[in-house]
Amino acid sequence: MQLKKLSLQHYRNYDEVHFETGSMVNIIVGPNAQGKTNLLEAIFVLALTKSHRTHQDKELIQWDTPHTLLHADVEKKYGSVQLDLTISKQGKKAKINGLEQRKLSKFIGALNVVMFAPEDLEIVKGAPSVRRRFLDMEIGQVYPSYLHDLSQYQKVLMQRNNYLKQLSNTRDTKASMMEIWNEQLAGFGVKIIKKRQSFIKKLQSWAERIHAGVTAGQEQIEIQYSSSLNPLPQDEPVLFDQFMLKLSQVKDQELRRGVSLVGPHRDDLLFFINGKEVQTFGSQGQQRTTALSLKLAEIELMREEVGEYPVLLLDDVLSELDRSRQTQLIETFQNKVQTFITTTGIESIDLTKLENASVINVRNGSLN
C-alpha cells in the first residue's frame, strides 16, 4: 500500500497544498511549528477520519474557513483508490472513488496507517484510556465491523449511565429498564472483548519475536488484557452470562455512584518484560522499547490481516532512538513499508541506512 498523492485545503496551517511521491521513504524536514506534524496528521485522518492529537474536529479546520478538504490517491495491491474527506461544523462526508459512504466505518480501512510519535510512550506508561484508544483505533482499521459494535456499545453505555443517574436521584430501586440496558451492554460488550482478545493474541505473537530482536534476546515481552470480568472464559455465551452476573453483583455500587462499573470501557492492557510489569517497574529505556516493539508488531499484524503493509508515519521519533534501535526500525520498514518521517534536521537520521528516499522541506505551511 502506497500513498501516491496528498492534497489539503484549509487544513490547520495549510491554505492549499498538493504533493506527489513515488518514494518509499519520505523525509519531511523543517523547523518546529511549520506544519510537519500536520502533514502526517492529515494522512492519519484520511485513514481513520479522526486525529490522534485532538478530539475536536474543529481544530483541524483552518481559522475562519467553513471546512477542510482532504484528498489522497492510494495504490493498493488490487488497484488504486481515491479518498476524499470533508470536515465541517456540520460533520464529515467521506467518498471512495467519488462514491459517498453512508457510514464512516465503510471508509475506514481503505488506507491503513501505523503512527509512531513521541507521545506513544503514553501507551505504555499513560492512563488506561490511552491504551483503550490504541486498541480501538488499531482494531478498527483491520476489522471495520468492530467500530460498529463499539459505537453501539458506547450509545448503550451513555443511555445506561443516564438511567443510573435518574435512579440515583429518584432512589427508585425497581429499575424496570435496567435489565434491558444490561442485556444490550453485555451483548455488544462481549463482541468487543472477544475481538480485543483475538487482536492482542496476534499482537503478542509478533511483538515477542520483534522485541527479542530489538533487545538481542535479553528481554521477553508479554501483553495481557486486564478485564473487569477476569478471568475471561473463551465461550461467548458463558462470557455473556458472566457479564450479566457481574452487573448484578455491582448493582448497588452503580446506583450509588450513578455510573457503569463493568465492561470493556474500564478494561486495560498490561505489559511485562521478563515477568515484571513495565508500567510500574520498567526503566524508561524498557518502556520506549516496548512502545517500539508494539508499533513494529502492528505493521506485521496489519500485513497479515489485510494482505499488504500499511503506510508508516514517524513523527520526530528517529532522533529519540539510539543508533541500534534506529537501525532496527529502519531495517524493518526499508523497501517494504512506505514511510513518512518528520524531523527538524536531516542530520538526526542515519542516512547511510536509507534507500529510495526523498526530502520534502516545510516552512510556514508550504512545501518545496
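**Exercise 1.** In what order do the strands E9, E10 and E11 stand in their open sheet, and is the pairing parallel or antiparallel?

*Solution.* The model examined here is a predicted one. Its open sheet of 3 strands has the order E9-E10-E11, and the pairing is antiparallel. Strand E9 (221-226) and strand E11 (276-277) each have a single partner strand and stand at the edges, so one side of each is left without a neighbour in the sheet.

**Exercise 2.** Over how many bridges do E9 and E10 pair, and which residue in E10 is the bridge partner of Gln224?

*Solution.* Begin with the pair of strands: E9 and strand E10, which covers residues 268-273, are joined in the antiparallel sense over 6 bridges. Then turn to the single residue, for which the bridge partner in E10 is found to be Leu270, facing Gln224.

**Exercise 3.** Which helices lie across E9 and E10, and at about what angles to E10 do they run?

*Solution.* One of them is helix H4 (residues 128-142), which runs at about 95 degrees to E10. Another is helix H10 (residues 284-306), which also lies across E9 and E10 and runs at about 115 degrees to E10.

**Exercise 4.** What span does H4 reach from its first C-alpha to its last, and how many of its residues are buried?

*Solution.* For the span, note that H4 has 15 residues, for which 21 Å is expected at 1.5 Å a residue, and that the helix reaches 22 Å, close to that value. For the covering, 11 of the 15 residues of H4 are buried, and the helix is therefore mostly covered. Among the buried residues are Phe134, Leu135, Met137, Ile139 and Val142, and with them such residues as Arg131, Arg132, Asp136 and Glu138.

**Exercise 5.** UniProt places a "binding site" in an unreviewed entry at residues that include Pro31 and Gln34; where do Pro31 and Gln34 lie, and is each buried or partly exposed?

*Solution.* First, the location: Pro31 lies in the loop between strand E3 (25-29) and helix H1 (36-48), and Gln34 lies in the loop between E3 and H1 as well. Second, the accessibility: Pro31 has 31% relative accessibility and so counts as partly exposed, whereas Gln34, at 16%, counts as buried because the cut-off is under 20%. Third, the contacts, leaving aside residues up to four places away in sequence: Pro31 touches Lys36, Val362 and Arg363, while Gln34 touches Asn13, Tyr14, Val362, Arg363, Asn364 and Gly365. Val362 and Arg363 thus appear in both lists of contacts.

Definitions and conventions: Residues numbered from 1 in each chain as written. Predicted model: local features only at pLDDT ≥ 70, side-chain atom pairs only at ≥ 80, totals over all residues. Heavy atoms only, no water. Helix = DSSP H or I, 4+ residues; strand = E, 2+ residues; numbered from the N terminus. Buried < 20%, exposed > 50% of the residue type's maximum accessible area, 1.4 Å probe, protein only. Contact = heavy atoms within 4.5 Å. Pairing = 2+ DSSP bridges. Axes fitted to C-alpha atoms, helices over the stretch in contact; angles between N-to-C directions. Expected span 1.5 Å × (residues − 1).
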